[in-house]
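Welcome, and thanks for opening the viewer. Let's walk through this structure one selection at a time.

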Amino acid sequence: RPSVDEMKQMGVFSKVRLALAAMVALSKSIVDPWGQMAFQWALDSGGIGRVASRAAKDEQGQLLLKERPEIRLDLRALSQLPEGTFGRFVADWFSAWGIAPFAARRTPTDEVEYFVDRLFFAHDLWHAVVGLGTDLRNELRFLGVTLAQYGSGSAVMALVFGWLQVPAQYGWRAFFAMPAEVWRFY
């Protein structure tokens, strides 16, 4: 299992091999931290690199890269906030869907790694903001949101493989409706 530093140095063919290894890890456990990170690095580092390049040319992006604020969620503290606040909404949403915030990774060493981590940590926050749960059908719909944000190879791959699982869970009607549902969230 290569480290982040090794993943950063990989060429195209090595990233294909990395994506396959990550898919095997994720097929055993979708929450495997290495599998999630490797899948993202293998398929998204180019798109996220373009996001980082654009940020470096934008005044607000430069400020974000200079300060590099972390996304850390203390759901217990957020649940104590008054009803109607964003923090309370997030805490209630995470509780309702039975999910926990992603575990911290190492401190990013460059802009691309910072944005890889930022997109990873913000994933479930975006789920809450757009009102989509974390079951298969809502995850597929959410991939439309991800694709609208940046060119995500992992989102395309997850859409294809996830879509193939739809008939078994939701039936053929859902299978044929899924592309339009994803497009609506795009």
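Start with alanine 104, which is exposed, since its relative accessible area is 59% and the cut-off for exposed is over 50%. One thing to keep in mind as you click around: this is a predicted model. Alanine 104 sits in the loop between α6 and α7. Now add glutamate 70 to the selection and draw a C-alpha to C-alpha distance: alanine 104 and glutamate 70 are 9.6 Å apart in space, with their positions 34 residues apart in sequence.

**The second largest pocket**

Stay in this area and bring up the second largest pocket, with a volume of about 410 Å³. Its lining consists of 21 residues, and those closest to its centre are Glu70, Ile71, Arg72, Ala104 and Phe121. Which helix gives the largest share of this lining? Colour α7 to see it: this helix contributes 6 residues. If you colour by class instead, the lining of the second largest pocket shows 12 nonpolar, 8 charged and 1 polar residues.

**The largest pocket**

Next, move to the largest pocket, which holds about 1,200 Å³ of space. Select Leu26, Ile30, Gln36, Glu139 and Ala158, the closest to its centre among the 36 residues that line it. For the walls, show α2 (12-28), α3 (33-57), α7 (111-130), α8 (136-149) and α9 (153-170), each of which supplies at least two lining residues. Coloured by class, the lining of the largest pocket has 22 nonpolar, 11 polar and 3 charged residues.

**Aromatic rings**

Now hide the pockets and show the aromatic side chains. There are 11 aromatic pairs in total. Zoom in on tryptophan 93 and tryptophan 97: their ring centres are 6.3 Å apart and their planes meet at 40°, so this pair is classed as tilted. Both residues belong to helix α6 (residues 86-97), where a spacing of 4 residues puts them about one turn of the helix apart. Is tryptophan 93 buried or exposed? Tryptophan 93 counts as buried, at 9% relative accessibility, whereas tryptophan 97 is partly exposed, with a relative accessible area of 35%.

For a group of rings, select Trp163, Trp172, Phe175 and Phe176, which ring pairs link into a cluster.

Two arginines are worth adding while the rings are on display. Arginine 105 lies over the face of phenylalanine 120, 3.7 Å from the ring centre. Then centre on tyrosine 170, where the charged end of arginine 137 sits over the ring at 5.7 Å from its centre.

**Salt bridges**

Switch to the charged side chains. Side chains of opposite charge can pair when their charged atoms come close. How many salt bridges does the whole structure have? A search finds 11.

Begin with aspartate 32 and arginine 1, whose side chains meet in a salt bridge at 3.1 Å, N to O. This pair joins distant parts of the chain, 31 residues apart: aspartate 32 is in the loop between α2 and α3, and arginine 1 is in the segment before α1 (4-8). Switch on a surface and the partners contrast: aspartate 32 is buried, with a relative accessible area of 12%, whereas arginine 1 is exposed, at 66%.

Go back to helix α6 for arginine 88 and aspartate 92, which form a salt bridge with their closest N and O atoms 3.3 Å apart. The two are 4 residues apart in helix α6, which means a separation of about one helical turn. Arginine 88 counts as buried at 19% relative accessibility, and aspartate 92 counts as partly exposed at 37%.

Then select glutamate 181 and arginine 141, a salt bridge with closest N and O atoms 2.9 Å apart. Here too the link spans distant parts of the chain: glutamate 181 is in helix α10 (residues 172-185) and arginine 141 in helix α8, 40 residues apart. Glutamate 181 is buried at 9% relative accessibility, and arginine 141 is also buried, with a relative accessible area of 17%.

For the last stop, select Asp5, Lys8, Arg106, Asp110 and Glu113 together and display their side chains: salt bridges link these residues in a network.

Terms used: Residues numbered from 1 in each chain as written. Predicted model: local features only at pLDDT ≥ 70, side-chain atom pairs only at ≥ 80, totals over all residues. Heavy atoms only, no water. 1 Å grid on protein atoms, 1.4 Å probe; cavity = no way out; pocket = protein on both sides within 12 Å on 5 of 7 lines; lining within 4 Å. Points joined across faces, edges and corners; volume = space filled by probe spheres on them. Nonpolar A, V, L, I, M, F, W, Y, C, P; charged D, E, K, R; others polar. Phe/Tyr/Trp six-rings, centres within 6.5 Å; stacked < 30°, edge-to-face > 60°. Buried < 20%, exposed > 50% of the residue type's maximum accessible area, 1.4 Å probe, protein only. Lys NZ or Arg CZ within 6 Å of the ring centre and 35° of its normal. Salt bridge = Lys/Arg side-chain N within 4 Å of Asp/Glu carboxyl O.
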